[in-house]
Amino acid sequence: MVVEFHLGDALTLRKAHPCGGKAWRVERLGADIGIRCLTCGHYLLTSRRKLERAVKEHAHPAAAPEAP
Ligand SMILES: [Zn+2]
């Protein structure tokens with residue numbers, strides 16, 4: 001399954017950051033995806049594949065919820 005990421009998407013990761021936060025926001029798209037920890041502000045560049053596996057919850061704040 002292909003997961004689409006958009007700028008500004010809110011992500012909850014399975015594993016907490018060392019700062020204790022699990023909430024991240026998508027800030028850069030491309031072959032690698034940049035996400036920012038909303039708790040400590042740390043910026044992380046990771047591969048799309050790794051991120052897809054790490055994400056527990058994924059919200060598109062800008063878009064309306066899609067019907068299943
Ligand atoms: Zn953090």
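**A five-stranded sheet, strand by strand**

Let's start with the sheet: five strands make an open sheet in the order 4-3-2-1-5, with antiparallel pairing. Strands 4 (43-47) and 5 (55-59) sit at the edges with a single partner strand each, so one side of each has no neighbour in the sheet. On average, neighbouring strands here are turned by 35 degrees against each other, direction ignored. That angle is taken between lines fitted to C-alpha atoms; in general such axes cover, for helices, the stretch in contact, and angles run from 0 to 180 degrees between N-to-C directions.

A word on where this comes from. This is a predicted model, in which local features need pLDDT of at least 70 and side-chain atom pairs count only at pLDDT 80 or more, while totals for chains, interfaces and linings use all residues. Residues are numbered from 1 along each chain as its sequence is written.

And a word on terms. Helices (H or I, at least four residues) and strands (E, at least two) are DSSP runs, numbered from the N terminus. Two strands count as paired if DSSP finds at least two bridges between them. In general, strands of a sheet pair through backbone hydrogen bonds, either parallel or antiparallel.

Now the chain as a whole. There are one helix and five strands, and along the sequence they follow the pattern β-β-β-β-α-β.

Let's walk across the sheet from the strand 4 edge. Strand 4 pairs with strand 3 (residues 32-37) in the antiparallel sense, over five bridges. Two of the residue pairs are easy to find: G34 has L45 as its bridge partner in strand 4, and R36 has Y43. The hairpin of these two strands has five residues between the strands, and in it G41 takes a positive phi near 85 degrees.

Next over, strand 3 runs antiparallel to strand 2, and four bridges join them. Here R36 turns up again, standing opposite R25. The hairpin of strand 2 and strand 3 has three residues between the strands, and G30 in the turn has a positive phi of about 160 degrees.

Strand 2 (residues 23-28) in turn pairs with strand 1, antiparallel, over three bridges. Strand 1 (residues 10-13) also pairs with strand 5 in the antiparallel sense, over four bridges. T12 is a handy landmark: it stands opposite A23 in strand 2 and opposite E57 in strand 5.

What about burial? A residue is buried if 20 or more other C-beta atoms lie within 10 Å of its own, exposed if 12 or fewer, and partly exposed in between, with C-beta atoms placed from the backbone. By that count, 10% of the 68 residues of the chain are buried. Strand 4 is hardly covered, with zero buried residues among its five. For strand 5 the number buried is also zero of five residues, so that strand lies largely in the open.

Which residues make up the largest nonpolar core? There are six: L11, W24, I33, I35, C37 and L51. Strand 3 gives the most to this core, with three residues. A nonpolar core here means a set of buried Ala, Val, Leu, Ile, Met, Phe, Trp, Tyr and Cys residues joined through C-beta atoms within 7 Å.

Contacts fill in the picture; two residues are in contact if their C-beta atoms, placed from the backbone, lie within 7 Å. Not counting residues up to four places away in sequence, I33 touches F5, V26, R28, T46, R48 and L51. Among contacts in the chain between residues at least 6 apart in sequence, 29% join residues at least 24 apart.

Two residues show how far-off parts of the sequence come together. H6 is in the segment before strand 1 and is exposed, with 12 other C-beta atoms within 10 Å. Its C-alpha atom is separated by 7.5 Å from that of H60, 54 residues apart along the chain. Leaving aside neighbours within four places in sequence, H6 is in contact with V26 and H60.

V55 belongs to strand 5 and is partly exposed, with 17 other C-beta atoms within 10 Å. V55 and L13 are 42 residues apart in sequence, yet 4.4 Å apart in space, C-alpha to C-alpha. Leaving aside neighbours within four places in sequence, V55 is in contact with L11 and L13.
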